[in-house]
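Colleague: I'm new to this one, so could you walk me through it? Short answers are fine, as long as you show me how you get there.

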Amino acid sequence: MPYIKVLADGTVLLAGTVATDEMLQEGFFEYRGEVPRADAYRWDPAGNRLVPDIEASRAAKLREIAEARWKEETSGVVLKDGTIIRTDREAQALITGAALAALNDPTTPIEWKGANGWVVLTPQQVIQVASLVRRHVQRCFSKEKVLVDRIMAAGTLEELEAIHWEGVDDEQV
C-alpha cells in the first residue's frame with residue numbers, strides 16, 4: 001500500500017510503499033485505497049479519502065503535453081541524405097545564425113556537424129535546413145496548442161485522460 005501525506009491545502013504527497021520512522025513522524029500514513037494518479041486527486045477530509053480533482057488533473061495533463069512537445073521538438077530532423085540535424089534549443093539558435101550568415105554571404109559553404117557526422121552545406125542548403133527546422137518546431141508548438149485547447153475544454157477526468165500527444169496527426173495541426 002502507498003504511504004501518503006496530506007498538506008493543509010489538500011495536496012497529496014505520494015511517498016511509495018515503504019515508510020521510514022521519520023516519514024511517519026512527518027505525517028505520512030498508509031493509504032489503503034486506490035491511488036491511480038496522485039496528481040489527479042485531492043484529499044477529502046470529511047470522507048478521509050482521495051477524490052478526483054479535475055483542475056489538478058488538468059494541470060498535470062498540461063505538464064505532460066508540454067513535456068511531450070519538448071521531447072519531439074528537440075528530437076531532431078533528418079535530411080534526405082540521412083544527416084540528422086539536432087533541434088535542441090542551442091542547435092536552433094546555431095542554425096538560425098548560420099542561415100543569417102548564408103544570407104549575408106551566399107557564396108561560402110558552411111561545415112555543419114549533424115548528430116551523425118559532418119556535412120558541407122551550400123548557403124542555399126543552410127537556409128533550407130533552417131526552414132525545415134523552423135517548420136518542425138512550429139509543428140510541435142501547433143500540435144501542443146491543439147491539445148491545450150482540448151485540455152481546457154475537457155469537462156471530465158475521462159475526457160482529460162483520453163487526450164494524448166500521439167492522438168494528433170499533422171492534418172489536425
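Modeller: Happy to, and keep in mind that this is a predicted model. Let's begin with an arginine: Arg58 lies in helix H2, residues 54-73.

Colleague: Is Arg58 buried or exposed?

Modeller: The relative accessibility of Arg58 is 8%. The cut-off for buried is under 20%, so Arg58 counts as buried.

Colleague: Which residue has its backbone oxygen 3.1 Å from a polar atom of the Arg58 side chain?

Modeller: Start with what Arg58 touches, leaving out residues up to four places away in sequence: Ile151, Met152, Ala154 and Leu160. One of these also offers its backbone oxygen, 3.1 Å from a polar atom of the side chain of Arg58. That residue is Ala154.

Colleague: On to the largest nonpolar core. Which element gives the largest share of it?

Modeller: That core has 16 residues, and those touching the most other members are Ile85, Ile95, Trp112, Leu121, Val126, Val129 and Val133. Two or more residues come from each of helix H3 (89-104), strand S8 (110-114), strand S9 (117-121) and H4. The largest share is five residues, and the element giving it is H4.

Colleague: How many residues are in the other core, the one that lies apart from it?

Modeller: In general, nonpolar side chains in soluble globular proteins tend to be buried together. Here the other core includes Ala68, Ile151, Leu157 and Val168. Its number of residues is 11.

Colleague: What does Val126 touch, not counting residues up to four places away in sequence?

Modeller: Val126 is among the members of the largest core that touch the most others. With those sequence neighbours left out, the contacts of Val126 are Ile95, Ala98, Ala99, Ala102, Ile110 and Leu121.

Colleague: And the surface? Which residues form a nonpolar patch there?

Modeller: One patch member, Ile127, has its place in helix H4, residues 123-153. Its relative accessible area is 31%, and patches take residues with over 30%, so Ile127 can be included. The patch has about 280 Å² of accessible area in total, and its residues are Leu100, Leu103 and Ile127.

Colleague: Last one: how far apart in space are Thr107 and Gln124, C-alpha to C-alpha?

Modeller: Thr107 lies in the loop between H3 and S8, and at 64% relative accessibility it counts as exposed. The side chain of Thr107 makes a polar contact of 2.8 Å with that of Asp105. As for Gln124, it is 17 residues from Thr107 in sequence, and the C-alpha to C-alpha distance is 9.1 Å.

Key
Residues are numbered from 1 along each chain as its sequence is written. This is a predicted model: local features need pLDDT of at least 70, side-chain atom pairs count only at pLDDT 80 or more; totals for chains, interfaces and linings use all residues. Side-chain values use heavy atoms; hydrogens and water are left out. Patches are made of residues with over 30% relative accessible area and no salt bridge: like charges are joined within 9 Å, nonpolar side chains (Val, Leu, Ile, Met, Phe, Trp, Tyr) within 5 Å. Accessible areas come from the Shrake-Rupley method with a 1.4 Å probe; for residues, only the protein chains shown count as cover. A salt bridge is a side-chain nitrogen of Lys or Arg within 4 Å of a carboxyl oxygen of Asp or Glu. Helices (H or I, at least four residues) and strands (E, at least two) are DSSP runs, numbered from the N terminus. Buried means under 20% relative accessible area, exposed over 50%, partly exposed in between (1.4 Å probe, protein chains only). A polar contact is a pair of N or O atoms within 3.5 Å; within protein, one must be able to donate a hydrogen and the other to accept it, and residues adjacent in sequence count only if both atoms are side-chain atoms. Contact means heavy atoms within 4.5 Å. A nonpolar core is a set of buried Ala, Val, Leu, Ile, Met, Phe, Trp, Tyr and Cys residues joined through side-chain atoms within 4.5 Å.
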